Amino acid sequence: MRSTTISNLAVLASSLLVKEVFAGRYDVRKRDLYVVADTIIVTEEVTVTQEVDGSYATGVPVPVGTITIDGTPVLVPASTAASSTAVPSSSTAGAVFIEETAPTSAPAPIPTTTSTTPVAVVAPTTTEAPASVAPTTLQTVASSAAPVSTSTGSTTSSSAKRGLAYNDASLLTGFTSSDTISWAYNWGSSTAPIPSKFEYVPLLWGTGSSFTNNWISAATKAIAAGSTHLMSFNEPDLGTQSNLTPEEAAAGYKTYMSTPFAGKAQLGSPAVTNGGGTMGLTWLSNFFDACTGCQIDFVPIHWYNGGTADDFMAYIDQAFVTSGGKPLWVTEFQGSGTTADQNAFLEAVIPQLDASEKVARYAYFMASDGNLLSSGSSLSVLGETFASFA
């Protein structure tokens, strides 16, 4: 982690650029930008999991840049913060976890400890200016969404499984003509207005008071407006995300998910990375063991392996076993390589995801410029494929 003044930001970026070439594969898809009163905080997180004999070793998170002056965290929407940078890869396979921007309803906590094991350093390719954050408002969504499950282990979703992960609600207008996209989420508990054809799915990002204080009120309002699903805890198995033990997550889930909302909405377990060791599916299995008596209707997972379509679908099979047969939501995933490589990956997996009885919903990372959008609400090649390929 680095600290400097705003005047030194360009110097920091330039100095880090010389460190872009490393052995191994590292795909960095975006950068998180926070404004902390008079502070700019720019972070990139790359976690690499080395494949050895078909299994994965524990990933190592690598914080890259922090520019700090003073203040209290307030989040800048990802439309002003997202970027795409890739470090050249070698023949060594690896798994990469991509860090999304924290919800606009409250900023992600800034880690107080970081890994001392350097794996890759990637400099910001641009310098963004701080932006003010408008208050979020609840979006009224269509009331024709899936019925609510009142028992553990079941979920019903639209035949249109595809969803949009976003930070800037205005960008979703580019997808309104799609008949395959039915839902959206922003890693937060409330949203600026989104197209009414999309079900908004609130997410409780973590157990800190900045996330929980308004959660029950916001989720209750969302349910009244038509939301029929709630999600919990973003990547608790990763130290730089919600960072919870399975037992801590189970306690938080009972307090903020199962107890207040059982029978009122379909509830999703924490969303884990595809890390090895105690991360990923191992963490998820331990969470299930700890969360006795919890209503869990579906299981969100993330995947940034950089492998093939077959690897991805094989991981889904493993996750389905770990979930005990509960429907999966793949709420973050991304192919690797060039746009053409990613597009080929999408065209290979979309028909399989749509046909799979194991997968209820899925969202490619993410609805932002440089990913599913090329500029504003104009879809990119990947966006066109995600919106219409069958």
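A disulfide is here a pair of cysteine sulfur atoms within 2.5 Å. In the predicted model described in this passage, the structure holds one such pair, in which C291 is joined to C294 with a distance from S to S of 1.9 Å. The torsion about the S-S bond of C291 and C294 is about -90 degrees, and the disulfide is therefore left-handed. With buried taken as under 20% relative accessible area, C291 counts as buried because its relative accessibility is 5%, and C294, with a relative accessible area of 6%, is likewise buried.

A pair of helices was examined next. Helix α4, formed by residues 246-261, and helix α5, formed by residues 280-290, have axes that come within 8 Å of one another and cross at roughly 50 degrees, which means that α4 lies oblique to α5. This crossing of α4 and α5 is right-handed. On the side of α4, the contact is made by P246, E247, A249, A250, Y253 and K254, which meet W283, N286, F287 and A290 of α5. When the residues of this contact between α4 and α5 are sorted by class, seven are nonpolar, one is polar and two are charged.

The burial of a further helix was also considered. In helix α8, which spans residues 381-388, the buried residues are L382, G383, T385, F386 and A387. The elements that cover these buried residues of α8 include the strands β10 (162-165), β11 (181-185), β18 (359-364) and β20 (378-379), together with helix α7 (339-355).

Definitions and conventions
Residues are numbered from 1 along each chain as its sequence is written. This is a predicted model: local features need pLDDT of at least 70, side-chain atom pairs count only at pLDDT 80 or more; totals for chains, interfaces and linings use all residues. Side-chain values use heavy atoms; hydrogens and water are left out. Buried means under 20% relative accessible area, exposed over 50%, partly exposed in between (1.4 Å probe, protein chains only). Helices (H or I, at least four residues) and strands (E, at least two) are DSSP runs, numbered from the N terminus. Contact means heavy atoms within 4.5 Å. Axes are lines fitted to C-alpha atoms, for helices over the stretch in contact, and angles run from 0 to 180 degrees between N-to-C directions. Angles under 35 degrees count as roughly parallel, over 145 as roughly antiparallel, 65 to 115 as roughly perpendicular and the rest as oblique. A crossing is left-handed if the near helix is turned anticlockwise from the far one by less than a right angle, and right-handed if clockwise. Ala, Val, Leu, Ile, Met, Phe, Trp, Tyr, Cys and Pro count as nonpolar, Asp, Glu, Lys and Arg as charged, and the others, Gly among them, as polar.
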